[in-house]
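Me: Could you walk me through the charged side-chain pairs in this one? Keep it casual, please.
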Amino acid sequence: FFSLTTTTMVKKKPDASLKGKKPVNTAKAGKTVITRNPGHITNRLKRSEMYGKYLQQKRKAKQEARLQRVRDAEALGEDAVVKKAVPKTLDNTREIEPTLVQQDPEVFADEADDEFARYFQSETPPKVLVTSRPRPSQRLFWFIADLQRLIPALHFYPRKHYSLKEICSFAQNREFTHLIVLGENAKHCNGMTISHLGSGDGLVGPTAFFKVSNVVTSQNIPDHGASTKHIPELNLHGFGTRLGHRIGRLLGSIFPHDAEFVGRQVATFHNQRDYIFLRHHRYVFEEKKKQEKKKKDDEPEKKLELKDRVKARLQELGPRFTLKLRWLQEGTFDTQFGEYEWIHKRKEMDTTRRRFHL
């Protein structure tokens, strides 16, 4: 026969020094402060845990800073001037680009003799040919019609079955200075290729390809105006780097630079976070309505100044769309033997949201 023995578990008595408290692991008692976003941690569970702590510390630090500002304002009194905190955005916290141009005389000297100097000095008027992909939709024709009202000296030729190299040679033989090719997908314009064909001085190129998005034709813009045949003024804004200067001058060379101010029309290329927004406006001057006020018998009538009598407003003419640069190539369009000046490689270049190239 086997004898069964029963063992009883003896419960450990807590140390008398704890006095009813749970023992604490002193090895992890130090509070760790997370100073950077833990996105670099490869372990998913650990990254999730550290990111939760990071958000909690960030929220607590923001609350303490707000309470400190309130205490400082109460200590200084009501007459004290409190400086408002400047909100942090992607624009004012962007990484410093090494090619950023800041009053560099060498850059200005290079731009005085580049491919686009003759257009900016009004020596050569631009002549632009625009075409589309084979068998375009009706929406693309509406967009081309808006571009013809926006860009002076813009001529449309149907694509048919010709290749882009054949179209480039055709346009050069007929003294066109620029070529614009519009791409389309699912009846929406999604690509634009702009190639500089030369201005008679032997300098050709570059060729740029842009991704096109958010296309709105003039008929879909509420309260839009009708554009006239006057040459619009050109506004290039936000192109700060060497690459940005080159792209801005390429876009600016499409327009003549002897603007007719009588038409009061402005074409704007605004670069923000490497997205180029195009808008077409007319500025309108209107007289303010006179408000009748009770006057005293002895009070003389005051003459209103010009700024008090007239107000200015903008009227959008259309079209509006957004461009995103994908690549820049030397010379005219040549995908087989052409050399690229710049290519947007997303995995290598877009490692942070605060890095911009234009």
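Me: How far apart, N to O, are the side chains of Glu316 and Arg320 in their salt bridge?
Reply: Keep in mind that this is a predicted model. Side chains of opposite charge can pair when their charged atoms come close. Here Glu316 and Arg320 meet in a salt bridge, with an N to O distance of 2.8 Å.

Me: Of those two, which one is buried?
Reply: The cut-off for buried is under 20% relative accessible area. Arg320 comes out at 24%, so Arg320 is partly exposed. The other partner has 14%, so the buried one is Glu316.

Me: Which residues are joined into one network by salt bridges that share partners?
Reply: This is about bridges with partners in common rather than a lone pair. The network is made up of Glu111, Asp114 and Arg249.

Me: Arg133 forms a salt bridge with Glu184; how many residues apart in sequence are the parts this pair ties together?
Reply: The closest N and O atoms of Arg133 and Glu184 are 3.1 Å apart. Arg133 is partly exposed at 31%, while Glu184 counts as buried at 11%. Arg133 lies in the loop between β1 and α4 and Glu184 in strand β3, so the parts tied together are separated in sequence by 51 residues.

Me: And where does Glu95, the partner of Arg355, lie?
Reply: Arg355 and Glu95 form a salt bridge, their closest N and O atoms being 3.1 Å apart. This pair links distant parts of the chain, 260 residues apart. Arg355 sits in the segment after α8, and Glu95 in the loop between α1 (44-76) and α2 (105-111).

Me: How many salt bridges does the structure hold?
Reply: The pairs above are among them, including Glu316 with Arg320. For the structure, the count is 14.

Conventions: Residues are numbered from 1 along each chain as its sequence is written. This is a predicted model: local features need pLDDT of at least 70, side-chain atom pairs count only at pLDDT 80 or more; totals for chains, interfaces and linings use all residues. Side-chain values use heavy atoms; hydrogens and water are left out. A salt bridge is a side-chain nitrogen of Lys or Arg within 4 Å of a carboxyl oxygen of Asp or Glu. Helices (H or I, at least four residues) and strands (E, at least two) are DSSP runs, numbered from the N terminus. Buried means under 20% relative accessible area, exposed over 50%, partly exposed in between (1.4 Å probe, protein chains only).
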